[in-house]
2 protein chains.
Amino acid sequence: MRTVDPAKHEAKRRAILDAATMCFAEKGFEKTTTAEICRAAGISTGSLFHYFPNKRAVFVGIFEQDGDETAALIAAAEEIGDPWEAILHVVGYVSEQVLNPLAAKLVLEVAAHCARDTELAELVQGNDRALRDALIGLVTRAVEAGRIDPGIEPGTAASWLVALIDAPLSRVILDPDLDPAAELAVMKTILTRFLRPVLPISPPPGGEVSDTGGISPG
Amino acid sequence: MRTVDPAKHEAKRRAILDAATMCFAEKGFEKTTTAEICRAAGISTGSLFHYFPNKRAVFVGIFEQDGDETAALIAAAEEIGDPWEAILHVVGYVSEQVLNPLAAKLVLEVAAHCARDTELAELVQGNDRALRDALIGLVTRAVEAGRIDPGIEPGTAASWLVALIDAPLSRVILDPDLDPAAELAVMKTILTRFLRPVLPISPPPGGEVSDTGGISPG
DNA sequence: GTCTATATAACGATAGAC
DNA sequence: GTCTATCGTTATATAGAC
């Protein structure tokens, strides 16, 4: 019987990441000290550096974990028969997470750091791309099913679906009384109206419709 | 003749803020040293602390300045006769700024810090609120003019207009090849389709329209 | 008002016993 | 593998000459 138990090692690593996630979300990367992470995880300085080479590696580890969760979400969405419902599920699920203030703080923190850490940026971009690629597939199917305007390029639609999730971030941070359910409802309205097929137009009583809100080619 | 020239003092203060803006955008708040700001501004450490009590005050000063610029934008928008055009102008103008990578980095940096600095958060929220209030007025007028769906509450519409500006932030950071003009075009499509009056529906050939993308009351 | 020089504090990471 | 103790570095802000 070996004393080195890989499962136990991995479990402890994850426990440290969980503790660090809270610290980073609350105080940000640079204002979180390694000592605080250790205290939160119930270990000592020496131990932390046994599991991670440095503070940055702890931060990066959090978003490697997040990539696994995104993959699971995508797999679950593929099981949903109706592509439009699958899109709503994916966007709704991630949005709900981001509407939590603590999660929102962490998202803003990692975004700010991606601007200055190319390696971290590539990791996060990989996670985003996985989500986007899955949505491209769902959008394509939804277009074929007549549920989404064929005039919208699936890549563009998917990119903006991901982007829309980030839209309320500032307000989540600035307004503590924000109602997540209400935000989610408006978000659903926006993406429904954005993507739905353009209905045949019966001319309105007293006016011209000069702009149909379509995406001009080119 | 006094040697203390308030105008010159103010000019130097602004020069420091301009230099600091670049530093903070490129490296973030904590990784920017006061020495770097001084070098960029062409002054010495001693001088910096003559104009600002501490590093944070320099950072905060940048967003006080930004509030003035927002006020000017709002004043210009009020001059535009057509409220819908005024809305497009305001959203387009701010979006264009945010689509610049350097500006985007600074926006993410300040957002991340607002999550942990209530005083800074109140300042930024004040700037946001001014923009939102102006948009509420414009939306209300646009609804009266039949250009916006009366089923959408102006406060909700205005909040989301401001939020939509932030939506592409992540991609501005992660994708250096992003085309600002293309993003702006899609943004315009989204807000047009989101806000435009619901046209009378002639039933589509072979299907039911179960969800019209409206905002349910309550 | 502007400079140089520096006091003071804090933090990340390591050394080395057990 | 975990701990305690501590080293080396770095940065903010101040002191005080000019």
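**View 1. Contacts between chain B and chain A.** In this predicted model, 54 residues of chain B are in contact (heavy atoms within 4.5 Å) with 54 residues of chain A. The model is predicted, with local features needing pLDDT of at least 70, side-chain atom pairs counting only at pLDDT 80 or more, and totals for chains, interfaces and linings using all residues; side-chain values use heavy atoms, with hydrogens and water left out. Residues are numbered from 1 along each chain as its sequence is written, and chains are lettered from A and ligands numbered from 1 in the order in which they are written.

**View 2. Area buried between chain B and chain A.** The size of an interface is often given as the accessible area lost when the parts come together. About 4800 Å² is buried between chain B and chain A, and carbon and sulfur atoms give 60% of that area. Buried area is the accessible area (1.4 Å probe) that two parts lose on being put together, summed over both.

**View 3. Salt bridges and polar contacts between chain B and chain A.** The rule finds 4 salt bridges across this interface, a salt bridge being a side-chain nitrogen of Lys or Arg within 4 Å of a carboxyl oxygen of Asp or Glu. A:Glu109 and B:Arg116 form a salt bridge in which the closest N and O atoms are 2.8 Å apart. The rule also finds 16 residue pairs in polar contact, both residues at pLDDT 80 or more. A polar contact is a pair of N or O atoms within 3.5 Å; within protein, one must be able to donate a hydrogen and the other to accept it, and residues adjacent in sequence count only if both atoms are side-chain atoms.

**View 4. Residues around DNA strand D.** Of the 16 residues around DNA strand D, those that come nearest are A:Ser44, A:Ser47, A:Tyr51, B:Thr34 and B:Lys55. Sugar and phosphate make up 69% of the strand D atoms that come within 4 Å of the protein. A residue is near the strand if one of its heavy atoms lies within 4 Å of it.

**View 5. Phosphate oxygens of DNA strand D.** A polar side-chain atom of A:Ser47 lies 3.0 Å from a phosphate oxygen of the strand. For A:Lys12, an N or O atom in the side chain is 3.4 Å from a phosphate oxygen. B:Thr32 places a polar backbone atom 3.3 Å from a phosphate oxygen.
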